[in-house]
Amino acid sequence: MGRKFFVGGNWKCNGTTDQVDKIVKTLNEAQIASPDVVEVVVSPPYVFIPMVKSKLRPEIQVAAQNCWVKKGGAFTGEVSAEMLVNLGVPWVILGHSERRGLLAESNEFVGDKVAYALSQGLKVIACVGETLEQREAGSTMDVVAAQTKAIAERIKDWSNVVIAYEPVWAIGTGKVATPAQAQEVHVSLRDWLKTNVSPEVAESTRIIYGGSVTAANCKELAGQPDVDGFLVGGASLKPEFIDIINSATVKSA
């Protein structure tokens, strides 16, 4: 049994009720590959989660864009894993480069978040990735391995984790890792899991790519043996997200 293709749409801090209605309508009316072929998750801003959940076709799941590192309490502005579970939200994105960069979330903090979210029954899309300076210095794998290690040291069960490799230099820039560059990091990450966690976890864990994925480049990226799907930013707000979801059929062809 191979790894099922996984496509996540990260809407980030975008949308009004009218815009969200339009995106949901587009998704509901689209011809998309069967759930046997692809698992699809969309991640609206917190305030729109109940609205999206109530209107979206059932085979597309909903993710939160973040959650707090421990149980709720006196943490103004935060949302706890328990709240997401209470709302019936199955997934959460953690460690996105924007939070690592803008809010100085450390590898250890992200690792703690992943462990706590999993302990509460959430499934996690855990983001890793290097900056342009780090890539140019030749330290891509050192950076990505350190980010993954901080998670691996805190969890035992990987069955509810998807790793999203997102080179920071390719997010929202229009630059995209070539299929060969994406495959190189994905296979190195899988080798790291094999050596440091277990061959079974390495084989079964989905490693998805994020960074300026579009309808134009998704099929070639999807064709890489170790690219198990995508975490899509800007394009997930547009009709081309359907084409990106359907690129999953490259794997089943």
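**Exercise 1. The cores**

Task: Which residues touch the most other members of the largest nonpolar core?

Solution. Start with the set itself: in this predicted model, the largest nonpolar core has 71 residues. Next, look for the members that touch the most others: these are L27, V52, V92, V114, W158, Y209 and F230. Now put a second core beside it: this one is separate, has 11 residues, and includes W91, C127, V162 and I208. As background, nonpolar side chains in soluble globular proteins tend to be buried together.

Finally, take Y209 as a worked case. Setting aside neighbours within four places in sequence, Y209 is in contact with Y165, P167, A170, V176, A177, A182, H186, L221, V227, G229, F230 and L231. F230, in that list, is also among the core members that touch the most others.

**Exercise 2. A member of the second core**

Task: Is V162 buried or exposed, and which residues does V162 touch?

Solution. First find the element: V162 sits in strand β6, residues 161–165. Then check accessibility. Buried means under 20% relative accessible area, and V162 has 1%, so V162 counts as buried. For the contacts, skip residues up to four places away in sequence; what remains is F6, W91, V124, I125, A126, R206 and I208. Two of these, W91 and I208, belong with V162 to the core of 11 residues. As a last step, pick A126: this residue is 36 residues from V162 in sequence, while the C-alpha atoms are 6.2 Å apart.

**Exercise 3. Helix α7 against α8**

Task: How do α7 and α8 cross, and which residues make the contact?

Solution. Begin with the axes. Helix α7 covers residues 140–152 and helix α8 covers residues 179–196; their axes come within 10 Å and cross at roughly 40°. Now name the arrangement: an angle under 35 degrees would count as roughly parallel, so α7 and α8 are oblique to each other. The handedness comes next: α7 passes α8 in a right-handed crossing. On the α7 side, the contact is made by T140, M141, V144, A145, T148, K149 and A152, and on the α8 side by V185, S188, L189, W192 and L193. Sorting the residues of this contact by class gives 8 nonpolar, 3 polar and 1 charged.

**Exercise 4. Helix α7 against α5**

Task: At what angle do α5 and α7 pack, and what is the make-up of their contact by class?

Solution. Follow the steps used above. Helix α5 runs over residues 107–119, and packs with α7 at an angle of about 40°, with the axes 8 Å apart. The pair is therefore oblique, and the crossing is right-handed. From α5, the contact uses N107, E108, G111 and V114; from α7, A146, Q147, A150 and I151. By class, that makes 4 nonpolar, 3 polar and 1 charged residues. V114 of this contact is also among the residues that touch the most other members of the largest core.

Now step past α7 to R154, in the loop between α7 and β6. R154 is partly exposed, with a relative accessible area of 29%. Leaving out residues up to four places away in sequence, R154 touches E108, G111, D112 and A115. E108 and G111 are in the list for R154 and also in the α5 side of the helix contact. For a distance check, R154 and L189 are 35 residues apart along the chain, and their C-alpha atoms are separated by 17 Å.

**Exercise 5. Loop residues**

Task: Where do K12 and S212 lie, and what is the sign of phi at K12 and at S212?

Solution. K12 is in the loop between β1 (5–10) and α1 (17–29). S212 is in the loop between β7 (206–209) and α10 (218–222). Most residues other than glycine have a negative phi. K12, not a glycine, has a positive phi of about 55°, and S212, also not a glycine, has a positive phi of about 55°. S212 is buried, at 17% relative accessible area.

Task: Is G223 buried, partly exposed or exposed, and what does G223 touch?

Solution. G223 lies in the loop between α10 and β8. With a relative accessible area of 43%, G223 is partly exposed. Beyond residues up to four places away in sequence, G223 touches V250 and K251.

Methods
Residues numbered from 1 in each chain as written. Predicted model: local features only at pLDDT ≥ 70, side-chain atom pairs only at ≥ 80, totals over all residues. Heavy atoms only, no water. Core = buried A, V, L, I, M, F, W, Y, C linked by side-chain atoms within 4.5 Å. Buried < 20%, exposed > 50% of the residue type's maximum accessible area, 1.4 Å probe, protein only. Contact = heavy atoms within 4.5 Å. Axes fitted to C-alpha atoms, helices over the stretch in contact; angles between N-to-C directions. Helix = DSSP H or I, 4+ residues; strand = E, 2+ residues; numbered from the N terminus. Parallel < 35°, antiparallel > 145°, perpendicular 65-115°, else oblique. Left-handed = near helix turned anticlockwise from the far one by under 90°. Nonpolar A, V, L, I, M, F, W, Y, C, P; charged D, E, K, R; others polar.
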